[in-house]
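Colleague: Before I rely on the descriptive terms attached to this model, I should like to hear the grounds for each of them. Could we go through them in turn?

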Amino acid sequence: MDKTSAASSVPSPNRIARARSDKRHSMTERKAYKRALSEEEFGRLFAECRTPFVRIANSYVHDRAVAEDLVNDSFVRLWEKRSEILTDSFESYVFHTVVRKCLDHLKSEKTQSQIRQHIGQSRYRMLAYEINSLESSDPGRLYESEVERLIQEAVDRMPARTREIFLAHRMENKTYQEIAETYGIPVRRVTAEIQSALRFLRHALKDYLPAVLLAALFLR
């Protein structure tokens with residue numbers, strides 16, 4: 001290749017700058033995702049997520065009434081800010097808000113307990129632990145870990161053979177035929193055991209996880 005053709009194949013600084021600008025613009029568009037929240041979708045979200053979010057909040061604040069207030073306030077904030085929110089998951093947005101409100105509540109309670117000195121040292125240490133736990137956690141991963149814990153507990157309660165077949169299919173990616181050969185059973189028995197496992201999970205988790213999340217986890 002001669003010098004002239006080599007030079008012409010090198011992109012100009014302007015082309016490089018435009019390419020970088022286009023890439024940044026594309027990334028910004030993907031991150032700044034915004035969609036309208038309808039009243040119908042808000043109602044569905046509230047009905048499906050309120051109960052599990054209250055349980056999670058209560059595990060930190062240890063007061064059911066307070067947990068309900070924090071979750072309700074989080075949904076109110078979602079509705080009031082619905083036209084300003086940039087998110088691809090309103091469930092995640094509400095959960096993050098609940099975590100922040102739990103953290104604010106615990107900090108306030110910790111301060112009050114220090115001032116009044118009416119709460120024992122064990123309660124104070126528990127508050128400090130819960131605050132540190134929330135401050136150091138990623139809300140998204142926290143939500144995922146809660147989901148994983150609930151699923152694991154449900155799987156552990158399955159009948160032994162059902163659990164083994166379910167895990168072989170879902171975790172080891174074995175086909176029905178491979179599982180049948182491993183356990184020396186007909187393929188139709190494998191099908192029945194996996195269907196039984198899915199019914200077990202849906203029943204065990206119906207009060208904890210939104211229906212849309214259950215569908216994404218077990219029906220795909």
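The exchange below takes up the fold, the helix packing, the cores and a few single residues.

Colleague: What kind of model is this, and what makes up its fold?

Modeller: This is a predicted model. The chain contains 11 helices and 0 strands, and its pattern along the sequence reads α-α-α-α-α-α-α-α-α-α-α. Of its 220 residues, 31% count as buried. Among contacts with a separation of 6 or more, 64% are between residues 24 or more positions apart.

Colleague: Why are helix 8 and helix 9 called oblique to each other?

Modeller: The axes of helix 8 (residues 160-170) and helix 9 (residues 176-183) cross at roughly 140 degrees and come within 10 Å. Angles of 65 to 115 degrees count as roughly perpendicular and those over 145 as roughly antiparallel. The angle fits neither class, and the two helices are therefore oblique. Their crossing is right-handed.

Colleague: Which residues of helix 8 and helix 9 meet?

Modeller: Arg-161, Glu-164, Ile-165, Ala-168 and His-169 of helix 8 meet Tyr-176, Ile-179 and Tyr-183 of helix 9. By class, this contact has 5 nonpolar, 1 polar and 2 charged residues.

Colleague: What makes helix 9 and helix 10 roughly perpendicular?

Modeller: Helix 9 packs against helix 10 (residues 187-205) at an angle of about 105 degrees, and their axes are 8 Å apart. Since 65 to 115 degrees is the range for roughly perpendicular, the pair is therefore placed in that class. The contact joins Tyr-176, Gln-177, Ile-179 and Ala-180 in helix 9 to Val-187, Val-190, Thr-191 and Ile-194 in helix 10. Its residues divide into 6 nonpolar, 2 polar and no charged.

Colleague: How do helix 3 and helix 4 cross?

Modeller: The axes of helix 3 (residues 39-61) and helix 4 (residues 64-80) come within 8 Å and cross at roughly 145 degrees. This crossing is right-handed. Among the residues making the contact are Leu-45, Cys-49 and Phe-53 of helix 3 and Val-71, Phe-75 and Leu-78 of helix 4. The contact of helix 3 with helix 4 comprises 15 nonpolar, 2 polar and 5 charged residues.

Colleague: Which residues touch the most other members of the largest nonpolar core?

Modeller: They are Leu-45, Phe-53, Val-71, Phe-75, Leu-78, Val-94 and Val-98, in a core of 24 residues. Helix 3, helix 4 and helix 5 (90-116) each supply at least two residues of this core. Helix 3 gives the largest share, 9 residues. Not counting residues up to four places away in sequence, Val-71 touches Arg-50, Phe-53, Val-54, Ala-57 and Val-98. A second, separate core has 18 residues, including Ile-151, Ile-165, Phe-166 and Ala-204. In soluble globular proteins, nonpolar side chains tend to be buried together.

Colleague: How do you know whether Cys-49 is buried or exposed?

Modeller: Its relative accessible area is 0%, and buried means under 20%. Cys-49 is therefore buried. Cys-49 belongs to helix 3, and its C-alpha atom is separated by 9.8 Å from that of Phe-75, 26 residues apart along the chain.

Colleague: Why does Lys-206 count as partly exposed?

Modeller: Partly exposed lies between buried, under 20%, and exposed, over 50%. Lys-206 has 47% relative accessibility and therefore counts as partly exposed. Its place is in the loop between helix 10 and helix 11 (211-218). The C-alpha atoms of Lys-206 and Glu-48 are separated by 9.5 Å, although the two are 158 residues apart along the chain.

Colleague: What makes the phi of His-62 worth a remark?

Modeller: Phi of His-62 is near 55 degrees, a positive value in a residue other than glycine. Most residues other than glycine have a negative phi. His-62 lies in the loop between helix 3 and helix 4. With a relative accessible area of 41%, it is partly exposed.

Colleague: Why is Asn-173 classed as it is, buried or exposed?

Modeller: The relative accessible area of Asn-173 is 62%. Because exposed means over 50%, Asn-173 is exposed. Asn-173 is placed in the loop between helix 8 and helix 9, and it has a positive phi of about 60 degrees although it is not a glycine.

Definitions and conventions:
Residues numbered from 1 in each chain as written. Predicted model: local features only at pLDDT ≥ 70, side-chain atom pairs only at ≥ 80, totals over all residues. Heavy atoms only, no water. Axes fitted to C-alpha atoms, helices over the stretch in contact; angles between N-to-C directions. Helix = DSSP H or I, 4+ residues; strand = E, 2+ residues; numbered from the N terminus. Left-handed = near helix turned anticlockwise from the far one by under 90°. Contact = heavy atoms within 4.5 Å. Nonpolar A, V, L, I, M, F, W, Y, C, P; charged D, E, K, R; others polar. Parallel < 35°, antiparallel > 145°, perpendicular 65-115°, else oblique. Core = buried A, V, L, I, M, F, W, Y, C linked by side-chain atoms within 4.5 Å. Buried < 20%, exposed > 50% of the residue type's maximum accessible area, 1.4 Å probe, protein only.
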